[in-house]
Amino acid sequence: MIRIKELFRLQNIKRLRLIAGQEGLERTVTAAVLFEYDPSRMQLPDFYRGDLVVTTLAYARGDAQLVTHSLLALMNQGIAGLLVKTAYFSELPQAVVSMADRLGTPLFLFDETYIEEVILEVTDLIRGKRHFAGYEKELDALMRGQLTAEQIKERMQRLDPVGGGAYRLYALYPRGRMPVLDEKLYALLCEDAQAAHRFVCMEWRRMLLVLCHLNEQEPDELRPIEELLGRAGVERSGLIVGVSETRTEQATFGLALCEAIYAARAAKLCNRPTMCARELGLYAYLFPMSENAFVCDQCRRCLANIQAYDAQNRTNLEYTARVYVNEGMEIAAAAKALFQHPNTVRYRLTKIQKLMGMEDGALFAPMLSLMVNLSRILEEEGQR
């Protein structure tokens with residue numbers, strides 16, 4: 001069972017648009033049914049409350065009066081909503097539109113898509129097979145930040161039909177498999193209308209993103225997601241959680257996505273169960289860099305030079321560099337961690353400096369830090 005407003009999440013239905021009956025978007029749908037027969041030979045009682053009726057109106061080609069008669073009869077029968085393909089009628093009679101508004105029966109038009117595909121899409125959504133899936137293109141586009149205000153609004157309507165007010169995003173990074181997390185959250189949201197109104201779940205690669213509509217007084221950043229997971233019976237220790245800043249505008253949704261996703265990935269790299277966006281530090285710059293092909297190529301080339309030197313000379317310059325960066329670029333701390341004399345560490349760093357082509361570079365230390373940390377991100381990406 002789903003609410004009609006969730007139809008906006010279906011990506012493969014071409015130009016799905018609501019033309020009437022907006023007040024009925026909270027109605028529940030229990031089945032998607034086909035209506036492609038001559039009404040004079042069809043028993044309307046075969047359609048029930050909860051049915052989402054899908055039709056091309058092929059039976060009424062060129063006969064607007066028959067369209068009016070049949071669709072009014074369907075709506076009076078108490079169906080949940082109507083999806084009409086514009087194969088034979090690009091618009092519907094005004095009497096049908098007026099009745100849909102009066103009864104609160106959502107009336108949609110869509111283009112081109114095969115009607116069988118629409119039935120399957122809606123049925124899969126009802127069964128929960130794709131309840132959280134199918135959002136990656138929208139999420140990627142929002143994260144890139146290259147959309148117009150109208151394009152952002154369009155995508156947000158699909159992602160978050162409820163909308164409005166302050167919100168926060170949580171990125172849940174499972175330490176193991178995702179399916180159990182999906183199933184438990186889906187079961188809870190199906191049973192609890194209040195939770196379904198407040199939370200929106202979306203799969204993105206190996207993560208599950210949770211959009212939370214916030215109450216007026218909610219200073220504790222983790223409380224909403226921990227309560228949701230607890231009620232769903234999800235073991236918190238099996239998840240790494242990234243938390244965005246609190247946002248109030250649709251236009252900043254892409255930024256909130258980056259904050260939550262980057263925070264979860266940084267928490268994983270730092271072996272922490274949770275990280276908030278404000279704690280990202282250097283990672284706030286490194287993750288965007290990791291999406292730049294030129295920067296990544298430079299990092300890999302530089303690291304490859306050091307690895308080649310180690311292989312040829314049986315040295316461990318790469319490991320020394322990683323320990324040095326991890327120890328805050330303090331020679332004494334690195335020497336202690338490596339069980340080496342500080343002068344040995346200095347000698348190795350001089351070798352690394354030459355291999356990086358920065359013998360006289362005042363920026364050697366920050367560049368080494370950038371290379372080591374960026375390489376960790378690239379390695380983490382390769383494991384996902």
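These legends accompany an overview and several close-up views of a predicted model.

**Figure 1. The whole chain, with its 15 helices and 12 strands.**
Start with the overall picture before zooming in. For 384 residues the globule rule gives a radius of gyration of 21 Å, but the chain has 28 Å, well over that value, so it is more spread out than a compact globule. Measuring along the principal axes, a box of roughly 95 × 40 × 30 Å holds the C-alpha atoms. Among contacts with a separation of 6 or more, 70% join residues that are 24 or more positions apart.

**Figure 2. The surface and the charges of the chain.**
How much of the chain is buried? Of its 384 residues, 49% count as buried. The accessible surface comes to about 19,400 Å², and carbon and sulfur atoms account for 49% of that area. As for charge, you can look for 46 positive and 49 negative side chains. The centres of these two sets lie 5 Å apart.

**Figure 3. Helix 5 and its two sides.**
Helix 5 runs through residues 149–159. Which of its residues are buried? They are Ile152, Met156, Arg158 and Leu159. These residues lie on the same side of helix 5, because they cover an arc of only 155° around the axis. Turn to the other side of the helix and you meet Glu150, Lys153 and Glu154, which are exposed. What covers the buried residues? The cover includes helix 4 (136–144), strand 9 (199–204) and helix 9 (253–269).

**Figure 4. Ala100, a buried residue in helix 2.**
Helix 2 spans residues 94–103, and Ala100 is part of it. The relative accessibility of Ala100 is 0%, and a residue counts as buried under 20%, so Ala100 is buried. Who are its partners, once neighbours within four places in sequence are left aside? Ala100 is in contact with Ala20, Gly21, Met75, Thr105 and Leu107. For a sense of distance, find Val210, which is 110 residues away along the chain: its C-alpha atom and that of Ala100 are separated by 33 Å.

**Figure 5. Asn305, a partly exposed residue in helix 11.**
Look for Asn305 within helix 11, which covers residues 293–313. Is Asn305 buried, exposed or partly exposed? Its relative accessible area is 41%, and partly exposed residues fall between the 20% and 50% cut-offs, so Asn305 is partly exposed. Gly254 is 51 residues from Asn305 along the chain, and the C-alpha atoms of the two are separated by 37 Å.

**Figure 6. Leu57, a loop residue with a positive phi.**
Where does Leu57 sit? Its place is in the loop between strand 5 (51–55) and helix 1 (64–76). Check the backbone here: phi of Leu57 is near 65°, a positive value in a residue other than glycine. Although Leu57 is in a loop, it is buried, with a relative accessible area of 0%.

**Figure 7. Met329, a loop residue with a positive phi.**
This view shows the loop between helix 12 (317–326) and helix 13 (331–338), where Met329 is found. Met329 is not a glycine, yet its phi is positive, at about 55°. Is Met329 buried, exposed or partly exposed? With a relative accessible area of 29%, Met329 is partly exposed.

Terms used:
Residues numbered from 1 in each chain as written. Predicted model: local features only at pLDDT ≥ 70, side-chain atom pairs only at ≥ 80, totals over all residues. Heavy atoms only, no water. Helix = DSSP H or I, 4+ residues; strand = E, 2+ residues; numbered from the N terminus. Rg over C-alpha atoms; globule rule 2.2 N^0.38 Å. Buried < 20%, exposed > 50% of the residue type's maximum accessible area, 1.4 Å probe, protein only. Contact = heavy atoms within 4.5 Å. Areas by Shrake-Rupley, 256 points an atom, 1.4 Å probe, with all protein chains shown as cover. Lys, Arg positive; Asp, Glu negative; His and termini not counted. Charge placed at Lys NZ, Arg CZ, Asp CG, Glu CD. Arc of directions from axis to C-beta.
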